[in-house]
Each structure stands twice: as structure tokens, then as C-alpha cells.
Amino acid sequence: MAVIKTVGVAGSGTMGTGIAIVAARAGFRTVVYDTREEALARARKQTEGFFAKSVERKKLTQEQVGKILSSLSGTTDIAALAACDIVIEAVFEDLKVKHELLSRLNKVCPQHALFASNTSTLSITEIAAGSGREDRFVGMHFCLPAQLMKLVEMSPGLKTSDATFQAAWDFCKALDQSPVKTQDSPGFILNYFLIPFHNDAIRLVEAGVAAPADIDRAIKAGLGYAMGPLELLDLVGLDTHLLVAEALYAATHEPRAAVPALVKRMIAAGQLGRKTGRGFYTYQGNAMFGGG
């Protein structure tokens, strides 16, 4: 198994941008691929803003940040991922979209390169089936916001080789993340609990039981959570929550995983959360969460 030196991230949304920050910060040359120039430009601006806060908080020096940013690049040319030793896909929770992307990646990436999926609900085995390298495929579900959260759920597919899983596990440790092994099961650990929990919080808003801020304050004060469920949903994006929840519901038929009607109304109104400036809360700008 080849040594991982260059990391590819496919998708420059909130999750992909966070993963790229983690990889570059850990000293890996990192290439972010997206089909849209504007998405890459937005991700770069958010990344620079995040590291500016890191300097302000004296977690990194300006010299360190300069070195990190110089190792991080963006591209709309998928062929630029040909030098990568591992590619982590962080695109929509849609099996067809992931298969189309992985099929293209399989043609440009070297044979030794590992593929990983940041999926939080879809089957790793099913995603791997469209990758052209099922034995070199693994699930790596980073937690949002990836640049601040340490946990990564590591899930092998049915055909993932032991060598691949070990290499991905070692890579995760090299990122200074905290991996846990899960089976290829719907929702893995976190989303198995979080999606129904978040839907319950949305239903409280929908029923008028309490305002979003009061629900979040109660959860943080009573359960010790760093973020309330509605704050986190705004960070994730209501459109992303819809896709993830629908995938979990389709796999489990758990009634609490079914998306409340309020989510679809908010999406129709363009109230997706932080990225659109309004969700359960109102925001100024779309800066990345945290700095460190």
C-alpha cells in the first residue's frame, strides 16, 4: 500500500471545505475538485477566513498558515486529481451522483489510490460498487464542522481489503482525527441518533412548542451539547438534512427519520441556513464556523 502524500477532496461545499482544511493543516498536499469555479472561490475565501481566525486566536502563526494555504489548491479539472494517493468524495447524498463521479475518478487516478466516501447514511458497499475499485474503498464520515470536530466514523464495505482499511485508519490518525470503526449500517453511529433527534427538534418548532433559540438553549444547558440541534441544522444546511434524512428513512423506515413538512417549506423559501443567510436563525455573511 502506497504512502499517502497527496489528498484529493471531491466537492467544495461545507463538508468538503472542512475536510480539505483538516488535510492541509496536517501537512498533506491537498487538491479540491469541484465543477463550479464560484464554489471553489467561495470555499477558498471561507478557508482563508477560518485560518485568519486561527492566527487571531494564536492557535497558528501567520507563517504556518502561509505554508498550509500554499499546499491547498482548487480545480475544476478532474484530471488534476491524478497525483492523489487518496480521494475523499463529499458530494450530494445521491448514489447516482456518487457513482458518476467515482467512475470518472477511477479513470484518472492511479491504481494505488484509495477512494473514500464521506457519506453519512448511504451504504459504503453500494457506493463502492460504482467505483471500479471496491477493494480500495472505505467510508470516512467526518463530523461537521470537520475542521473542529475530531471524530471520523470509519466503515469498510463488504469488499474493502484489510490493507485498505488499515491504510485509511492510519491516514485518519495522521490527520490528527479520532477514528472509530463502524459497520456498513444505515446512519452508522451518529446519524442513527442525530437525524431522528433533529427532526424531533424541528417538530417542536413546527408545533409552536418553543422558539428555536429556546430549544437550543435548553439542549445545551440540559444535555451539555456545544451546539443546539437547530444551530447545527443551519450549519449543515436544510437541503443537506433533507437528503440525509430521506436516505435514512428509505433504509430503515423509522418514522422519526421522516422529514417534517416545515423542512420542505423552508427549502422552497430558500431558507437553507448559514449558506443562504437564513434558516432557523438569520446570519450576516457565510463565514466558516470556528477557527483553529
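**Close-up views of a predicted model**

**Figure 1. Aspartate 34 and its surroundings.** Aspartate 34 sits in the loop between β2 and α2. The structure shown here and in the other views is a predicted model. With a relative accessible area of 7%, aspartate 34 is buried. Apart from neighbours within four places in sequence, aspartate 34 is in contact with Gly11, Ser12, Ala39, Leu40, Thr75 and Thr76. Of these partners, Ala39 and Leu40 are also among the buried residues of α2. Alanine 245 is 211 residues away from aspartate 34 in sequence, and their C-alpha atoms are 24 Å apart.

**Figure 2. Helix α2 and its two sides.** Helix α2 covers residues 37-56, 20 residues in total. From first C-alpha to last, α2 reaches 29 Å, close to the 28 Å expected at 1.5 Å a residue. Its buried residues are Ala39, Leu40, Ala43, Gln46, Thr47, Phe50, Phe51 and Ser54. Seen down the axis of α2, these buried residues fall within an arc of 130°, so they line one face of the helix. The buried residues of α2 pack against two helices, α1 (14-25) and α3 (62-70), and against two strands, β2 (29-33) and β3 (72-75). On the face turned away from the buried side, α2 carries the exposed residues Glu37, Glu38, Lys45 and Glu56. Lysine 58, just after α2, takes a positive phi of about 60°.

**Figure 3. The open sheet and the pairing of β1 with β4.** The sheet is open and consists of 8 strands in the order β3-β2-β1-β4-β5-β6-β7-β8, with mixed pairing. Its edge strands are β3 and β8 (178-181), each of which pairs on one side only. On average, and with direction ignored, neighbouring strands of this sheet are turned by 25° against each other. Strand β1 (residues 6-10) runs parallel to strand β4 (residues 86-89), and 4 bridges join them. Valine 7 has isoleucine 86 in β4 as its bridge partner.

**Figure 4. Strand β6 and the strands it pairs with.** Which strands pair with β6, and in what sense? Strand β5 (residues 114-117) is joined to β6 by 3 bridges, and the two run parallel. Phenylalanine 115 stands opposite phenylalanine 137 in β6. Strand β7 (residues 151-156) pairs with β6 in the antiparallel sense over 5 bridges. Here methionine 140 stands opposite methionine 154 in β7. In β6 (residues 137-142), 6 of the 6 residues are buried, so the strand is largely enclosed by the rest of the structure. In a regular strand the side chains alternate between the two faces of the sheet. Phe137, Gly139 and His141 point one way from β6, while Val138, Met140 and Phe142 point the other way, and all are buried.

**Figure 5. The nonpolar cores.** In soluble globular proteins, nonpolar side chains tend to be buried together. The largest nonpolar core of this model has 41 residues. Val7, Ile19, Phe51, Met140, Phe142 and Phe171 touch the most other members of this core. Helix α1 gives the most to the core, with 7 residues. A second, separate core has 20 residues, including Val87, Cys109, Ile124 and Ile127. Of the residues named for the largest core, Phe51 belongs to the buried residues of α2, and Met140 and Phe142 point the same way from β6.

**Figure 6. A cis peptide bond after β6.** Leucine 144 and proline 145 are joined by a cis peptide bond, with omega of about -5°. Proline 145 lies in the loop between β6 and β7.

**Figure 7. Positive phi at phenylalanine 188 and histidine 253.** Phenylalanine 188 lies in the loop between β8 and α7 (190-206). Its phi is near 50°, a positive value in a residue other than glycine. Phenylalanine 188 counts as buried, at 8% relative accessibility. Histidine 253 is found in the loop between α10 (238-252) and α11 (261-268). Phi of histidine 253 is near 55°, which is likewise positive in a residue other than glycine. Histidine 253 is exposed, with a relative accessible area of 56%.

Key
Residues are numbered from 1 along each chain as its sequence is written. This is a predicted model: local features need pLDDT of at least 70, side-chain atom pairs count only at pLDDT 80 or more; totals for chains, interfaces and linings use all residues. Side-chain values use heavy atoms; hydrogens and water are left out. The expected span of a helix is 1.5 Å times one less than its number of residues. Buried means under 20% relative accessible area, exposed over 50%, partly exposed in between (1.4 Å probe, protein chains only). The arc is that of the directions from the helix axis to the C-beta atoms. Contact means heavy atoms within 4.5 Å. Two strands pair if DSSP finds at least two bridges between them. Axes are lines fitted to C-alpha atoms, for helices over the stretch in contact, and angles run from 0 to 180 degrees between N-to-C directions. A nonpolar core is a set of buried Ala, Val, Leu, Ile, Met, Phe, Trp, Tyr and Cys residues joined through side-chain atoms within 4.5 Å.
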